[in-house]
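Please look over the sequence and the model shown here before reading on. The briefing is meant to be read with both in view.

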Amino acid sequence: MKKFLLLILLFPFIGFAQISPGDLSSAHSKLEGISNCTKCHELGEQINNKKCLSCHQLISKSIKENFGYHSSSDVRSKNCSLCHNEHHGKGFKIINFNNSKFNHSKTKFLLTGKHLKLECKDCHQNKFIKDSNLKKKKNTFLGLGTSCLNCHEDFHQNTLSSNCENCHSTESFNSVKFDHNKSSFRLTGAHQKVECIKCHFKEKRNGKNFQRFKGIAFSSCINCHKDVHNNKFGSSCQNCHQTNSFKNINTGSFDHNKTNFKLIGKHSTVSCKDCHKNDLNSKPAHSKCSNCHEDYHKGELIASNKMIRECNECHSEFGFNQTSYNIENHNLTDFKLEGSHLAIPCNSCHKKNDKWTFKFSEKNCINCHINIHGNELSEKYSQCSSCHNVEKWKIINFDHSKTKFSLLGKHQNSYCNKCHTQTVNGKTKFIFSSLNSNCETCHEDIHLGQFRKDESVLCERCHSFNDWKPINFNHDETKFPLKGAHSKIECKVCHKLENKDSKTFIKYKIEKIKCADCHS
């Protein structure tokens, strides 16, 4: 009672109800009592996180090292009391944690692969905690490290790096992504197909299964391979053999590149006897490709001095099908590659009937392209370039005004094919010279010959090329000018529909034009 009165005298601003809002939880029960209030509270202030973290030093450390759930941006800025509220009784759960809804990524340890399928209790066990004080706690989620070896046994028994991610992933321990070429022994040739177990044997070490990855001798081939020559040729197997195949032999220690004929490209894979026959000491002629190779072009490629061009002007030792003859070379000829010709493969022009041809007597378009126009083009327009260009065949650069039929009005918007194609027996052909320029060649005479004169229909007397309306027609120029009340009468009053040969048309040519013919 004396302590209570003393507290009232010292802190008169504190109300009675604020002295003890309620019992502390069992975890903080040792802090019960008025004398312990300032261990958590600042006088006249809210709870200070610094006081919480002064006791919970492991959490304080994780925040400083930016690791763990409490270091995440969602948590570190909050007051501890927002999640861990006190004075609700000894039985109150100060840590209210929902395993199923917890976002593990906030701990800075992402759950990937098979970790996603594990339950919390599979990893959060006391045996994986190194801190002796935390080991004594039950159901704690603190104290786990992030290294694989915190939870998993070191199968390699400390012979390899502790950074397991260098080779393994969380998807499967047996799926190894190790790049052997980053080791001291690069895998080349047939070594790339050898199973790991053939070199990295399994054995027993310290009473446990162990596979050796370090400490394997590899300085000499005989560390793994039997010396079938019994050291007759020394231990430098690479002087004769290659890792691609044991049977792929470099004849002795002879360096062919020190001769006047270096072995380049496919020559390096040719068997010695193909050139030297049965006598390796022979010196076959080699100044020209034709010394060994048949002239595939049968003398077609001849220079101005009547000598056969050498193969290396177009080909190299890396393959006959590969050519160094490029567009720049071709443009030095009298046929430059331009436009769409740049995208055409060589064989489209130079290979006919499985035979390569490089010299052409003429270089007209029809040498490669079918003349789809036949004899329809006059001599004036016989060259393809009169209408077409090499950029794209469908782009027509033709000035129709140079012909006897200028394109006026809507004819300017009409596709060429509408007038210049004709379908006969299901086949479409182009027509130019044989195309009649009369209107009725393309358009039907709906007047059934009423305005025909000398084999032609005089459409332009009434119609223009802009539209079909008879804007050019002047009734006053006919035999019956419209005067007086006649000028107000609709056309159809006098020009009626008639039928001829099962076709309906409007009668414009009226033979009877006397008054009595219409008026009684």
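What follows covers the overall form, the salt bridges, the surface patches and a few single residues.

This is a predicted model, in which local features need pLDDT of at least 70, side-chain atom pairs count only at pLDDT 80 or more, and totals for chains, interfaces and linings use all residues. Residues are numbered from 1 along each chain as its sequence is written, and side-chain values use heavy atoms, with hydrogens and water left out.

**Overall form**

- The protein has 14 helices and twelve strands, where helices (H or I, at least four residues) and strands (E, at least two) are DSSP runs numbered from the N terminus.
- The radius of gyration of the protein is 50 Å, well over the 24 Å that the globule rule gives for 520 residues, so the protein is more spread out than a compact globule; the radius is taken over C-alpha atoms, and the rule is 2.2 Å times the number of residues to the power 0.38.
- Taken along the principal axes, the box filled by the C-alpha atoms is roughly 140 × 105 × 40 Å.
- Of the 520 residues, 13% count as buried, a class that means under 20% relative accessible area, with exposed meaning over 50% and partly exposed lying in between (1.4 Å probe, protein chains only).

**Salt bridges**

- The count comes to nine salt bridges, each defined as a side-chain nitrogen of Lys or Arg within 4 Å of a carboxyl oxygen of Asp or Glu.
- One of them joins the side chains of lysine 106 and aspartate 74, at 2.9 Å from N to O. Lysine 106 lies in the loop between α5 (80–83) and α6 (120–123), and aspartate 74 in the loop between α4 (57–64) and α5, so the pair ties together parts that are 32 residues apart in sequence.
- Both partners of that bridge are partly exposed, lysine 106 with a relative accessible area of 27% and aspartate 74 with 39%.
- Aspartate 334 forms a salt bridge with lysine 363, with the closest N and O atoms 3.5 Å apart. This pair links distant parts of the chain, 29 residues apart, since aspartate 334 is in the loop between α10 (327–330) and α11 (346–350) and lysine 363 is in the loop between β6 (355–356) and α12 (416–420).
- Aspartate 334 is exposed at 63% relative accessible area, whereas lysine 363 counts as partly exposed at 38%.
- Glutamate 203 pairs with arginine 205, the closest N and O atoms being 3.8 Å apart; glutamate 203 is partly exposed at 30% relative accessibility, and arginine 205 is partly exposed at 29%.

**Surface patches**

- Patches are made of residues with over 30% relative accessible area and no salt bridge, with like charges joined within 9 Å and nonpolar side chains (Val, Leu, Ile, Met, Phe, Trp, Tyr) within 5 Å.
- A patch of positive charge on the surface gathers Lys453, Arg461, Lys479 and Lys509; Lys and Arg count as positive and Asp and Glu as negative, while His and the chain ends are not counted, and the place of a charge is taken as NZ of Lys, CZ of Arg, CG of Asp or CD of Glu.
- Within this patch, arginine 461 lies in the loop between β10 (456–457) and α13 (491–494) and is exposed, with a relative accessible area of 59%.
- Ile95, Phe97 and Phe141 form a nonpolar surface patch with about 270 Å² of accessible area together, areas being computed by the Shrake-Rupley method with a 1.4 Å probe and, for residues, with only the protein chains shown counting as cover.
- Phenylalanine 141 is found in the loop between α7 (132–135) and α8 (196–199), and is partly exposed at 35% relative accessible area.

**Positive phi outside glycine**

- Asparagine 206 has a positive phi of about 55 degrees although it is not a glycine; asparagine 206 is placed in the loop between β1 (202–205) and β2 (208–211) and counts as exposed at 67% relative accessibility.
- Aspartate 501, also not a glycine, has a positive phi of about 55 degrees; aspartate 501 lies in the loop between β11 (497–500) and β12 (503–506) and is exposed, with a relative accessible area of 67%.

**C-alpha separations**

- Cysteine 314, in the loop between α9 (272–276) and β3 (315–316), has its C-alpha atom 9.6 Å from that of asparagine 329, 15 residues apart along the chain.
- The C-alpha atoms of asparagine 472 and cysteine 442 are separated by 21 Å, with their positions 30 residues apart along the chain.
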